[in-house]
Amino acid sequence: WELTINSFHIINTVLLLASFSATATPKPKCSLSRVCPPDHFAVNVRSGAADIVGPKICFDGKIIMSHLFNNVGPGLNIVVVNGENGVVDKFGHFDMTNGKPEEIMAFLKEIKPGTIVLVASFDDVTAKMTTEMREIFIGMGSTLINSVKHRDGWVFVGRAGAENSTLFEKHAVNDETNNIYEGWPRMIEVAGCFPKTLTEG
């Protein structure tokens, strides 16, 4: 009887530890292959496919914008996140063909230094793209935005007020000889662990 009780306790302890281990082990977020360090956020940004399938933006394990959520649109799809705590500040899509440039500029100018900005193109992003808009993205770490032309694909994750260029940026050129979709380049994606904004002092 004593042996049975001891065995029971041992089994319970093993099950408890196994359960704790299963729940305590972190899992990769946003379809990444590894778990990000505590001072980084998981990000995954994918451009739209031609003008048919919308883009997808995932941040810290949550899909913020997606064709399935019906909250994306042609042009620029942008998610703005607090760089320290990962709280989504705002997100939206801006029609760069028929939209109003002043509304797009107002949105961009409200983004505070230190904020993480995730951008995915869908359809065309250049018709209403001004030099000032491109300069704002350069100020977030973009090195490719000045090369983005009509119907090109572009995905980007940067930080407002960044001093260094971002590693999270890709550009797909609209080229009839290499386009995957008729009139549009291939879908592109950036994914990985993006560093949190460090608090000064």
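Two strands are taken to pair if DSSP finds at least two bridges between them. By this criterion, the predicted model contains an open sheet of four strands in the order 3-2-1-9, with antiparallel pairing. The edges of this sheet are formed by strand 3 (62–66) and strand 9 (189–195), each of which pairs on one side only. Averaged over the sheet and with direction ignored, neighbouring strands are turned by 15° against each other. Four bridges connect strand 2 (residues 56–59) with strand 3 in the antiparallel sense. Within this pair, Cys 58 has Ile 63 of strand 3 as its bridge partner.

An open sheet is also formed by five strands, arranged in the order 5-4-6-7-8 with antiparallel pairing. Strand 5 (88–94) and strand 8 (168–172) occupy the edges; each has a single partner strand, and therefore one side of each is left without a neighbour in the sheet. The average turn between neighbouring strands of this five-stranded sheet, direction ignored, is 10°.

At one edge of the five-stranded sheet, strand 8 pairs with strand 7 (residues 153–159) in the antiparallel sense over five bridges. Opposite Val 157 stands Phe 168, a residue of strand 8. Helix 2 (residues 101–109) packs on the sheet, where this helix touches strand 4 (75–81) as well as strand 5. The direction of helix 2 makes about 160° with that of strand 5.

Notes
Residues numbered from 1 in each chain as written. Predicted model: local features only at pLDDT ≥ 70, side-chain atom pairs only at ≥ 80, totals over all residues. Heavy atoms only, no water. Helix = DSSP H or I, 4+ residues; strand = E, 2+ residues; numbered from the N terminus. Axes fitted to C-alpha atoms, helices over the stretch in contact; angles between N-to-C directions. Contact = heavy atoms within 4.5 Å.
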